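Here are some exercises to work through with the viewer open. Try each task yourself before you read its solution.

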Amino acid sequence: MIRKALTLATATVVTATASVLLFNSQANAHDVTFRATLRDPQDKVVGTVKFRVTHHAMEVDARLKPNDNVTPNQFHGFHIHANNDPLNEEDCQADPDEPQSTWFMSADGHLKEGLQEHGAHMGDLPSPLVMADGTARLAFTTDRIDPGDLKGTAVILHKDPDDFRPATPTGNAGPRMACGVVRRAWWG
Ligand SMILES: [Cu+2]
């Protein structure tokens with residue numbers, strides 16, 4: 001799937017401004033980056049996730065900072081959600097006065113292709129382990145995510161750990177505590 005996107009990205013040298021506009025035609029592969037800023041229901045920034053398309057795969061770098069909604073010393077389910085059903089509201093909608101179970105349902109289910117089951121969804125990410133001080137850093141490389149499918153999706157950080165079992169489409173990861181829409185960006 002990475003190959004499909006890179007085929008579109010020729011090695012043409014373009015200016016920084018032009019490569020944004022030419023992402024699907026002539027952008028240099030090194031320039032293809034995405035970013036999501038995760039926020040809690042109170043709109044407080046919880047962290048950032050950066051995606052960078054390389055020649056072979058995609059590099060992902062997530063950083064979280066302490067937040068009242070995120071439990072230290074614990075893994076938290078972490079996924080790319082499809083954010084593809086306008087009937088279910090759009091992007092990252094959460095009312096802090098409503099039950100946690102309603103938060104960020106607007107981001108819809110996990111990003112997936114065809115009949116992929118949980119644990120093998122395109123949007124199933126490794127889980128960040130939040131440290132005692134409430135911060136977390138997670139950096140990994142994956143070839144499962146098609147860069148062409150990433151823009152406009154939403155990264156969700158869950159309250160509970162992910163069980164990665166096919167029988168549970170959501171991974172039993174509990175309520176959605178932070179959300180960020182994935183947008184085109186520059187690495188850095
Ligand atoms: Cu999720």
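The exercises below start with the whole chain and then move to single residues in this predicted model.

**Exercise 1. Find out how many helices and strands the protein has, and in which order they come.**

Step 1. Count the elements: there are two helices and ten strands.

Step 2. Now read along the sequence: the pattern is α-α-β-β-β-β-β-β-β-β-β-β, with the helices ahead of the strands.

Step 3. Look at the contacts between residues at least 6 apart in sequence: 64% of them join residues at least 24 apart. As for burial, 37% of the 188 residues count as buried.

**Exercise 2. Decide which stretch of the model should not be read in detail.**

Step 1. Begin with the overall confidence: the mean pLDDT is 87, and 82% of the residues reach 70 or more.

Step 2. Then look for the weak part: over residues 1–27 the pLDDT is below 50. This stretch still has 33 contacts in the model beyond near neighbours in sequence.

Step 3. Apply the general caution: where pLDDT is low, predicted coordinates should not be read in detail.

**Exercise 3. Locate the largest nonpolar core and name the residues with the most contacts inside it.**

Step 1. The largest nonpolar core has 36 residues, and L38, A154, V155, L157 and C179 have the most contacts inside it.

Step 2. Ask which strands feed it: β1, β2, β3 (58–64), β5 (78–81), β8 and β9 each supply at least two residues of this core.

Step 3. Follow one member, L38. Leaving aside neighbours within four places in sequence, L38 is in contact with nine residues' worth of company that you can pick out, including V46, V49, V155, L157 and C179.

Step 4. Keep the general background in mind: in soluble globular proteins, nonpolar side chains tend to be buried together.

**Exercise 4. Work out how β8 and β9 run relative to each other, and whether β9 is covered or open.**

Step 1. Five bridges join β8 to β9, and the two strands run antiparallel.

Step 2. Pick one bridge: I156 has C179 in β9 as its partner.

Step 3. Check burial: β9 is mostly covered, as six of its six residues are buried.

**Exercise 5. Compare the surroundings of D43 and F164, two residues with positive phi.**

Step 1. Read the angles: phi is about 75 degrees at D43 and about 55 degrees at F164, although neither residue is a glycine.

Step 2. Place them: D43 lies in the loop between β1 (33–39) and β2 (45–53), and F164 in the loop between β8 (154–158) and β9 (176–181).

Step 3. Count neighbours. D43 has 9 other C-beta atoms within 10 Å, so D43 is exposed. F164 has 17 within 10 Å, so F164 is partly exposed.

**Exercise 6. Find which residues G152 and G109 touch far along the chain.**

Step 1. G152 sits in the loop between β7 (136–142) and β8. Beyond four places in sequence, G152 is in contact with N83, V181 and V182.

Step 2. Check a distance: G152 and R183 are 31 residues apart in sequence, yet 6.2 Å apart from C-alpha to C-alpha.

Step 3. Turn to G109, in the loop between β5 and β6 (129–130). G109 touches H81, A82 and P169, not counting residues up to four places away.

Step 4. The C-alpha atoms of G109 and T170 are separated by 7.7 Å, with their positions 61 residues apart along the chain.

Key
Residues numbered from 1 in each chain as written. Predicted model: local features only at pLDDT ≥ 70, side-chain atom pairs only at ≥ 80, totals over all residues. Helix = DSSP H or I, 4+ residues; strand = E, 2+ residues; numbered from the N terminus. Buried ≥ 20, exposed ≤ 12 C-beta atoms within 10 Å, placed from the backbone. Contact = placed C-beta atoms within 7 Å. Core = buried A, V, L, I, M, F, W, Y, C linked by C-beta atoms within 7 Å. pLDDT = per-residue confidence, 0-100. Pairing = 2+ DSSP bridges.
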